[in-house]
There are 2 protein chains.
Amino acid sequence: MPDFPLPPGSTIGVLGGGQLGRMLALAAARLGFDVAILDPEPDAPAARVAAHAIVAAYDDPEGLKALADVSDVITFEFENVPAAALDRLAELGAAVAPDARALGIAQDRLAEKTFLNGAGAPTVGFAAVDSVADLRAALANLGAPLLLKTRRGGYDGKGQIWVHGAGGATTAWKALGGQPCVAETPADFRREVAVVAARGRSGEIALYPLTESHHEAGILRRARAPASATPRVLAEAERIVATILAALDYVGVIGVEMFERDDGKLLVNEFAPRVHNTGHWTLDGCEVDQFEQHIRAIAGWPLGPTEALAQVEMTNLLGEEANAWRKLAQEPETRLWLYGKGEARPGRKMGHVNRLTPLPR
Amino acid sequence: MPDFPLPPGSTIGVLGGGQLGRMLALAAARLGFDVAILDPEPDAPAARVAAHAIVAAYDDPEGLKALADVSDVITFEFENVPAAALDRLAELGAAVAPDARALGIAQDRLAEKTFLNGAGAPTVGFAAVDSVADLRAALANLGAPLLLKTRRGGYDGKGQIWVHGAGGATTAWKALGGQPCVAETPADFRREVAVVAARGRSGEIALYPLTESHHEAGILRRARAPASATPRVLAEAERIVATILAALDYVGVIGVEMFERDDGKLLVNEFAPRVHNTGHWTLDGCEVDQFEQHIRAIAGWPLGPTEALAQVEMTNLLGEEANAWRKLAQEPETRLWLYGKGEARPGRKMGHVNRLTPLPR
């Protein structure tokens, strides 16, 4: 283990070279760090702004060794990194943050909900589903409809299907490929909110203001922050996030997505053990954004301030929407972030804009 | 010549790989551009955050060709790039901004002052000095003392000496090595101010607020912005900068350093045809900082807003001062920028901090 805090000039290793890795690399550079990116694709967006680029599969022992050799601390930018990769890095003596336990829980929807409830963070009702019989039993116990989700690998609304009754159980089970699943009761939410927060190596935590998030077709479309909410909801959101961070003995930035119900009750949908799309507004709305905050946390630096300096609406630019850069660059209230991706496939996150207005007084 | 505006995915070439190039590279990445850095030193601070790093002398034809081949537009991060390099790039058909004329004028203090006066921008009195006899004639015509400066190559207070009378002429002339010089009358200023501004490819200009700058031993120590000033001084500063930009048919960001005298008269000291240390406060004090503004200008994009969002005091971290990063990282009002330089030589610019306070209402 290195001595923390890491001095400037140290190297931050990142598993994954997409836009989150790219924005982490830019933040690390501001603080005088070098960055090493491991990604299976050559010329990944993050690799093009990093001192070291390692092109290798996430479970390639040679690639992982090269990353460990050059890095003083290693993190990841997405949660589908194979757990074996983190095990291998640990064997090599690398310092990895967040740790393998946080990643492992986040990778498995059943483990995640079980962990959350155990830690005192409420969720929807759920049941493990490993067969059609399990699914029928869940429908009998929890009622219909249920949202059937694969335990692993789903993202942006993929890998899930509604089951409206026992008659649809077989079809739903087959539609998801007969994989281990979890069945969830409806959240009946009035809106979705998220909190991006950080925990440092000395255990201090810092929460960014509550964000209201809007999905379309399972993909985050817009996020607004700071979101207005009742004092009770704000306090409960803070309690839940602090509880999760402490229970995981977490180091780094986390994104916690929650449902707010009509009665003001909050249910945790999921957490991502990394910087998060609902925190992109902090890039232009806070003095220390979530990317610098993550670098500070994993490097053992003190966390930075998280107050909002403006009201921000973040909108993802999906697919060809990023082609509107000419128009967006002309809007004085719009800050444009483009990720350096080549092909504008439908639904692909190509960039985002933050639109700023003064905070209400 | 490429079609402007350059689309995201284009490559910005930069001559020079120091901290200004590094911060240009970070800004370019935010807008989805790739960056190519040419610098004689391997592992230059900017090269470590760029997609392409070319290690070559500034006048190396192979290196310049490699830069031109990969770049859609080329700029420079310091003004001591040899003019021959820009000529070579022009021969290769590269688009260079700012252009060779602006660079050539800024490289020669005599040409610079002659240009400024011709454009209607006032300066101190001055005379060309190519011999001890010229220096004696200047003392007779302009009076004593005079500040003798080499026409080329001085920076951070180097290459200049005060001459207090004809008796000191020979000593002074020899002290500067008998090079072509310019002799200047004292500015008798009450303070130094600077304006960082940009001009786009369609001729539009955008000025950042006036900055008050404080030098120590010839090196910028602190800059405060927005600086308070009388409406007459603000208007005159704007007029002067707009005049210079128009007279140069300039494209990019410029830094114009001025003396403010007790009577409120402004005299231009010099301009730098590049992003400027007195503009580092914009990194945390404006929505679009001087680095993004320069990328926007040379890429043919519309210029961004330049209003100050906070009162900022920028302090350079020289030499071992950057070793205080632990303490600086703990200050909530302090934004820390470190340049990724190895050796903390005395006086070397290793980083800077921006300290923010709310704007006066």
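Take the pair formed by helix 2 and helix 3 of chain B: their crossing is right-handed. This is a predicted model, and in it the axes of helix 2 (residues 61-70) and helix 3 (residues 83-91) of chain B come within 10 Å and cross at roughly 50°. That angle makes helix 2 of chain B oblique to helix 3 of chain B. To see where the two touch, look for Pro61(B), Leu64(B) and Ala68(B) on helix 2 of chain B, which meet Ala85(B), Arg88(B) and Leu89(B) on helix 3 of chain B. Sorted by character, the residues of this contact come out as five nonpolar, no polar and one charged.

Now hop over to chain A for another pair of helices. Helix 1 (residues 19-30) and helix 10 (residues 290-298) of chain A have axes that come within 8 Å and cross at roughly 65°. Since roughly perpendicular starts at 65 degrees, helix 1 of chain A counts as roughly perpendicular to helix 10 of chain A. Here too there's a hand to note: the crossing of helix 1 and helix 10 of chain A is right-handed. From helix 1 of chain A come Met23(A), Leu24(A), Leu26(A), Ala27(A), Ala28(A) and Arg30(A), while helix 10 of chain A brings in Phe291(A), Glu292(A), His294(A) and Ile295(A). That mix splits into seven nonpolar, one polar and two charged residues.

Stepping back to the whole of chain A, you'll find it divided into domain 1 (11-96), domain 2 (125-184) and domain 3 (189-357). Going by C-alpha atoms, the centres of domain 1 and domain 2 of chain A are separated by 35 Å.

So much for single chains; how do the two copies fit together? In general, two copies of a chain are related by a rotation about an axis and a shift along it. For this pair, a turn of 180° and a shift of 0.0 Å along the axis lay chain B on chain A with an RMSD of 0.0 Å. That's the relation of a two-fold axis. If you want a landmark for the axis, try Val49(B): of the residues of chain B, its C-alpha comes closest, at 2.1 Å.

Next, the place where the chains meet. There, 31 residues of chain B are in contact with 31 residues of chain A. Helix 1 (19-30), helix 11 (325-330), strand 16 (334-338) and strand 17 (349-357) of chain B each supply at least two residues of the side that touches chain A. In character, that side of chain B divides into 18 nonpolar, five polar and eight charged residues. The copies meet through the same surface, because 100% of the interface residues of chain B are also interface residues in chain A.

Finally, a few backbone details in chain A. As a rule, most residues other than glycine have a negative phi, and most peptide bonds are trans. The bond from Phe4(A) to Pro5(A), though, is cis, with omega near 0°. You'll find Pro5(A) in the segment before strand 1 (11-15) of chain A. Another cis peptide bond joins Ala97(A) and Pro98(A), with omega about -5°, and Pro98(A) sits in the loop between helix 3 (83-91) and helix 4 (100-106) of chain A. Then there's Ala217(A), a residue other than glycine whose phi is positive, near 50°. Ala217(A) belongs to the loop between strand 11 (211-216) and strand 12 (219-225) of chain A.

Note on methods: Residues numbered from 1 in each chain as written. Chains lettered and ligands numbered in written order. Predicted model: local features only at pLDDT ≥ 70, side-chain atom pairs only at ≥ 80, totals over all residues. Axes fitted to C-alpha atoms, helices over the stretch in contact; angles between N-to-C directions. Helix = DSSP H or I, 4+ residues; strand = E, 2+ residues; numbered from the N terminus. Parallel < 35°, antiparallel > 145°, perpendicular 65-115°, else oblique. Left-handed = near helix turned anticlockwise from the far one by under 90°. Contact = placed C-beta atoms within 7 Å. Nonpolar A, V, L, I, M, F, W, Y, C, P; charged D, E, K, R; others polar. Domains from an automatic or database assignment. Least-squares fit on C-alpha atoms with pLDDT ≥ 70 in both.
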